[in-house]
Amino acid sequence: MASEAAAATCARHATAVCKANSPHPRGATAKCKDSTYSYSAHFRGTCSRHGGVKYWYR
């Protein structure tokens, strides 16, 4: 389970892994399993053509 500090910096989503405080491009909301970044405004369908979501960012 994520610590309170990590939880505060991660997007909330029930089925995904959160990557707190990791470097990522400005505005990216997720890193896909194929190492591309997503800038999706919504969880649904994010990285659907890239193998799914590896990490969510806040």
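Is C47 buried or exposed, and what is its relative accessible area? In this predicted model, C47 is buried, with a relative accessible area of 5%, and the residue is a convenient place to start, since several features of the fold can be described from it.

**Overall architecture and confidence**

The secondary structure of the protein consists of one helix and three strands, which follow one another along the sequence in the pattern α-β-β-β. Of the 58 residues, 28% count as buried, and the protein exposes about 4,400 Å², of which carbon and sulfur atoms supply 52%. Among the contacts with a separation of 6 or more, 40% are accounted for by residues 24 or more positions apart.

The confidence of the prediction should be kept in view when these values are read. The mean pLDDT of the protein is 77, and 69% of its residues reach 70 or more. Over residues 1-8 the pLDDT is below 50, and beyond near neighbours in sequence this stretch has four contacts in the model. Among the elements, helix α1, which spans residues 4-8, has the lowest mean pLDDT, at 42, whereas β2 has the highest, at 95.

**The sheet**

The three strands form an open sheet in the order β2-β1-β3, with antiparallel pairing. Strands β2 (37-38) and β3 (53-56) stand at the edges, each with a single partner strand, so one side of each is left without a neighbour in the sheet. Strand β1, residues 30-32, pairs with β2 in the antiparallel sense over two bridges, and within this arrangement K31 stands opposite Y37 in β2.

**The disulfide and the nonpolar core**

The count of disulfides comes to one: C32 and C47 form this link, with their sulfur atoms 2.0 Å apart. The angle about the S-S bond is -75°, and the link of C32 and C47 is left-handed. Because C32 lies in strand β1 and C47 in the loop between β2 and β3, the pair ties together parts that are 15 residues apart in sequence. Both cysteines, C32 and C47, are buried.

The two cysteines also belong to the largest nonpolar core, which is made up of five residues, namely A30, C32, C47, V53 and W56. The elements that give two or more residues to this core are β1 and β3. As a general background, nonpolar side chains in soluble globular proteins tend to be buried together. One member of the core, V53, is in contact with A30, K31, C32, K33, T46 and C47 once its neighbours within four places in sequence are left aside; this list therefore includes the core residues A30, C32 and C47.

**Loop residues: accessibility and backbone**

Four loop residues can be set side by side by location and relative accessible area.

| Residue | Loop | Relative accessible area |
|---|---|---|
| K19 | between α1 and β1 | 33%, partly exposed |
| D34 | between β1 and β2 | 38%, partly exposed |
| S35 | between β1 and β2 | 45%, partly exposed |
| C47 | between β2 and β3 | 5%, buried |

Two of these residues have a backbone angle that deserves a check. Most residues other than glycine have a negative phi. Phi of S35, however, is near 75°, a positive value in a residue other than glycine, and C47 has a positive phi of about 65° although it is not a glycine either. With respect to cover, S35 counts as partly exposed at 45% relative accessibility, whereas C47 is buried. The other two residues of the table can be placed by their distances to the strands. K19, in the loop between α1 and β1, is 12 residues from K31 in sequence and 9.2 Å from K31 in space, C-alpha to C-alpha. D34, in the loop between β1 and β2, is separated from V53 by 19 residues in sequence and by 8.9 Å in space, again C-alpha to C-alpha.

**Where the features meet**

Which residues join the disulfide to the nonpolar core? C32 and C47, the two partners of the disulfide, are listed in the core together with A30, V53 and W56. C47 in particular combines a place in the loop between β2 and β3, a positive phi of about 65° and a relative accessible area of 5%.

Note on methods:
Residues are numbered from 1 along each chain as its sequence is written. This is a predicted model: local features need pLDDT of at least 70, side-chain atom pairs count only at pLDDT 80 or more; totals for chains, interfaces and linings use all residues. Side-chain values use heavy atoms; hydrogens and water are left out. Two strands pair if DSSP finds at least two bridges between them. Helices (H or I, at least four residues) and strands (E, at least two) are DSSP runs, numbered from the N terminus. A disulfide is a pair of cysteine sulfur atoms within 2.5 Å. Buried means under 20% relative accessible area, exposed over 50%, partly exposed in between (1.4 Å probe, protein chains only). A nonpolar core is a set of buried Ala, Val, Leu, Ile, Met, Phe, Trp, Tyr and Cys residues joined through side-chain atoms within 4.5 Å. Contact means heavy atoms within 4.5 Å. Accessible areas come from the Shrake-Rupley method with a 1.4 Å probe; for residues, only the protein chains shown count as cover. pLDDT is the predictor's confidence in each residue, from 0 to 100.
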